[in-house]
Structures are given as structure tokens and as C-alpha cells.
Amino acid sequence: MTTSDRVKIYTDGACSGNPGPGGWAAILSFRGSEKEISGGEAHTTNNRMELRAAIESLKSLKRDCPVDLYTDSQYVRQGITSWMANWKRRGWRTADNKPVKNEDLWRDLEAVTARHEVAWHWVKGHADDPTNIRVDELAVAAMKPFKQLAKDAAQS
């Protein structure tokens with residue numbers, strides 16, 4: 001399989017306050033075509049938006065395929081590649097016997113990942129990677145309507 005047969009996905013999440021209004025975004029690339037997707041929530045956390053970006057990007061794929069997924073979130077990459085097996089073995093509990101935060105989204109990510117052959121890559125955030133910079137801008141933009149709603153509600 002050549003590199004051109006793999007879908008390349010960059011994901012990011014953003015949050016104003018933690019918790020607060022948040023946005024997520026993804027850029028999907030395949031054989032020279034690119035697609036941007038994004039969304040947000042009124043009350044969320046940065047980690048939830050990072051997870052949502054990965055989930056929604058993988059859900060948006062029309063068929064099972066090999067994927068290179070790039071994230072600047074060690075929480076997401078480590079969670080799916082290293083921590084999840086132990087969480088599941090312990091009944092979705094952490095090593096210190098606390099409930100796993102964001103279990104609902106981890107379960108969703110596990111389910112949607114199972115459809116694909118995903119290679120997880122970490123990229124340093126806010127550095128020199130132009131696609132990571134662009135996906136961050138999209139996540140921040142996706143958060144703005146929810147940020148304005150929160151501002152309007154506070155003024156009411």
C-alpha cells in the first residue's frame with residue numbers, strides 16, 4: 001500500500017475556559033483532495049473537543065480505510081494507543097481506581113477506530129506544521145458561535 005492510498009487526517013480541539021465553549025476541527029486529505037469539518041459545543045472541555053475531532057473525522061469517512069491521524073493531543077494519542085486497554089481491563093477505572101474521564105467519548109473513539117487501520121501520530125501544537133496551524137484556526141473558529149452564546153447568556 002502506498003502513502004497515497006492512506007487518508008491523512010489532522011485534528012484539533014479548542015476551548016475558551018476549561019470547561020467553557022469549545023470547538024473541534026479536522027482536515028482530511030486523500031489523493032490531492034482536502035475536506036475540512038468542524039463543530040462545537042456550548043459547555044465542554046479541551047480534552048472532550050480533542051476527542052470529538054478524532055471521532056467525527058473518522059466517522060466522516062465513507063468506507064473502511066487506512067488512516068494516518070495527526071493530533072497535537074498526547075491525551076488522545078496515549079489514551080487510544082496505551083491507556084485504554086488497562087482502563088477496559090479495570091472496568092473503565094484508572095490506575096488509582098477513579099472513573100475514566102470522558103468514558104463516553106473514549107468508547108465512541110474505540111468503536112469508530114475499529115472500522116479503520118489507524119496509525120496515530122503526535123505533532124507539536126502551535127509549532128511549524130502548517131496543517132496543524134490551520135486545523136487549530138478552524139477549531140477556534142468553530143468555537144466562536146458558542147463563545148458568543150455564552151457571552152450573551154451571561155449578559156442576560
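How many bridges join strand β2 to strand β3, and in which direction do the two strands run?

1. Ten bridges join β2 (residues 20-30) to β3 (residues 33-44), and these strands run antiparallel. This is a predicted model, in which local features need pLDDT of at least 70 and side-chain atom pairs count only at pLDDT 80 or more, while totals for chains, interfaces and linings use all residues. Residues are numbered from 1 along each chain as its sequence is written, and side-chain values use heavy atoms, with hydrogens and water left out. Helices (H or I, at least four residues) and strands (E, at least two) are DSSP runs, numbered from the N terminus, and two strands pair if DSSP finds at least two bridges between them.

2. The sheet is open and has five strands, in the order β3-β2-β1-β4-β5, with mixed pairing. Because β3 and β5 (117-122) stand at the edges, each with a single partner strand, one side of each is left without a neighbour in the sheet. From one strand to the next the twist averages 20 degrees. Within this sheet β1 and β2 run antiparallel and are joined by eight bridges, and isoleucine 9 stands opposite leucine 28 in β2.

3. The hairpin formed by β2 and β3 has two residues between the strands, and alanine 26 has isoleucine 37 in β3 as its bridge partner. Arginine 31, in the loop between β2 and β3, has a positive phi near 50 degrees although it is a residue other than glycine. With a relative accessible area of 57%, arginine 31 is exposed (buried means under 20%, exposed over 50%, and partly exposed in between, with a 1.4 Å probe and protein chains only).

4. A second positive phi, of about 65 degrees, belongs to asparagine 97, which is not a glycine. Asparagine 97 lies in the loop between α2 and α3 and, at 53% relative accessibility, counts as exposed. As background, most residues other than glycine have a negative phi, and most peptide bonds are trans.

5. The loop between β1 and β2 holds proline 19, which is joined to asparagine 18 by a cis peptide bond with omega of about 20 degrees. Serine 16 is also placed in the loop between β1 (7-15) and β2, and is partly exposed, with a relative accessible area of 24%. Leaving aside neighbours within four places in sequence, serine 16 is in contact (heavy atoms within 4.5 Å) with Pro21, Met143 and Lys147. Serine 16 and methionine 143 are 127 residues apart in sequence, yet 7.9 Å apart in space, C-alpha to C-alpha.

6. Helix α1 (residues 46-59) packs against helix α3 (residues 103-113) at an angle of about 25 degrees, with their axes 9 Å apart; axes are lines fitted to C-alpha atoms, for helices over the stretch in contact, and angles run from 0 to 180 degrees between N-to-C directions. That makes α1 roughly parallel to α3, since angles under 35 degrees count as roughly parallel, over 145 as roughly antiparallel, 65 to 115 as roughly perpendicular and the rest as oblique. Residues making this contact include Leu51, Ile55 and Leu58 of α1 and Trp106, Leu109 and Val112 of α3.

7. The axes of α2 and α3 are 11 Å apart and the helices pack at an angle of about 100 degrees, which makes α2 roughly perpendicular to α3. Among the residues that meet here are Ile80, Met84 and Trp87 in α2 and Trp106 and Leu109 in α3.
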